[in-house]
Structure formats: C-alpha cells, structure tokens
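These exercises concern how strands are arranged in a sheet. Keep the structure in view while working through each solution.

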Amino acid sequence: MGAPRRGPPARKKLRMLAAAGLAVAWWFASTDPLCLTEAESAAAYYKDHIRDFSNKADFRGVERLLAVARTAGLCADAARAILVAGVNEGQLSDVVLRSCRGAAFHGFEIQRDVFRRARLRLRRDHGAARVAMHRAAWSDAAAAKVAYSGEGETASLFVPDERGRFGDWARHAADGVATVPLADVADRLPQTPALSL
C-alpha cells in the first residue's frame, strides 16, 4: 500500500463518486416510501409496512441503488468497478454481482477465515476474473497489522474498552489487517470505480 497517490486523478475519481452518490441520494429522497406524511404516525406506518423493516431491508435498498446504477450505465462493462467493504460471507455481494453483471467487483473483508470463504465462493459463483478480494479495511489512513475485535457481522477495527465503548485501534496484532484509504484504492484500480458500498 506504499505507492504514492497520483493527486488530481484521485480527486477527479472521488468527485465523480461524490456526484453519483448525491444523485442517488436525491433519487432516494424523492421516491422513498419511508417518508412519513404529516397525517401518518410512525407507529401506524411501521405496522402497515413491517416487511420493510426486516433485516433484509438493506438488501432491497442496495437493489434499488443498483437499479439506478444500471440505468446510469455504471454496470455495463468491465471498465467499471463496484467496491464493497465488509463482504462478510458475501450474501450482499451476491446481490451486487447479479445486479451489475458487467462490472468488475472488488470486495474487502478483515476476518481471515471469512475472507477465504467469501473469496472462494464468490469467485466460484461469479468468475475468478471478475471478482477481486482484498483482506484489508477502508480508512482515512494507511496502516499495517491493525487488530480487529468481534466476529461475523460484528467484527470491527475498533477494540472495545473496559466499559464496552469502542476506543482506538489496537496495533500490531498477530492477526492484524491492513487499512487503506479509499482514494488509494481508486488510484490503483485498472477500472474506474462506479460505486462504493
């Protein structure tokens, strides 16, 4: 992760990502069925739409986001890349790979065993040439051997203190993981990042 940033191209890519993110946020705000009118109460809305509050609601949200990406042509060819942080076992990554069949995929996962399982399964199911997995985490600063705590969906780079609050990173763990700034990832990709999830 030691290569220097190239400057303006990284800023241009980040501006493009930010503009795409703002467009998507505007679209969600203008069509979001979860926006309450003054006449509705939150409790009544919840009761009438309980299926929208399941643990799979995030999957439906990503499916909507990917529909916008497809319409905008961001999933059309292998010159575009979808980046996913926290791949875990890869269930959401499957949704991304099925929805954006033309784009390259770069997944990031910090847990060693989970990383291996997800890489094996995603490459098997979607093609090794299309799926790149990285055992690293996104951060604002590059670092090596950062400890993580928890496991499964609760894994985090932040280690809880004695009161259970999350403190700072613990460095130099035996099973530590590298962190990398997203701008550095964008600079090194052979594709243009289309979405970062």
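**Exercise 1.** In this predicted model, find how many bridges join strand E4 to E8, and state whether the two strands run parallel or antiparallel.

Solution. Step one: locate strand E4, which covers residues 136-139. Step two: count its links to E8; there are four bridges. Step three: compare directions; E4 and E8 run parallel. As a position to check, Trp 138 stands opposite Val 180 in E8.

**Exercise 2.** Do the same for strand E5 and E8: how many bridges are there, and which direction do the strands take?

Solution. Step one: take residues 143-146, which form E5. Step two: two bridges join E5 to E8. Step three: this pair runs antiparallel. Within E8, Thr 179 is the bridge partner of Ala 143.

**Exercise 3.** Work out the strand order of the sheet, and explain why E4 and E5 each have one side without a neighbour.

Solution. Step one: the order is E4-E8-E5, an open sheet of three strands with mixed pairing. Step two: E4 and E5 are at the edges and have a single partner strand each, so one side of each has no neighbour in the sheet. Step three: from one strand to the next, the twist averages 35°.

**Exercise 4.** Decide how many of the five residues of E8 are buried.

Solution. Step one: E8 spans residues 177-181. Step two: apply the cut-off for buried, under 20% relative accessible area. Step three: four of the five residues are buried, and the strand is mostly covered.

Key. Residues are numbered from 1 along each chain as its sequence is written. This is a predicted model: local features need pLDDT of at least 70, side-chain atom pairs count only at pLDDT 80 or more; totals for chains, interfaces and linings use all residues. Side-chain values use heavy atoms; hydrogens and water are left out. Buried means under 20% relative accessible area, exposed over 50%, partly exposed in between (1.4 Å probe, protein chains only). Two strands pair if DSSP finds at least two bridges between them. Axes are lines fitted to C-alpha atoms, for helices over the stretch in contact, and angles run from 0 to 180 degrees between N-to-C directions.
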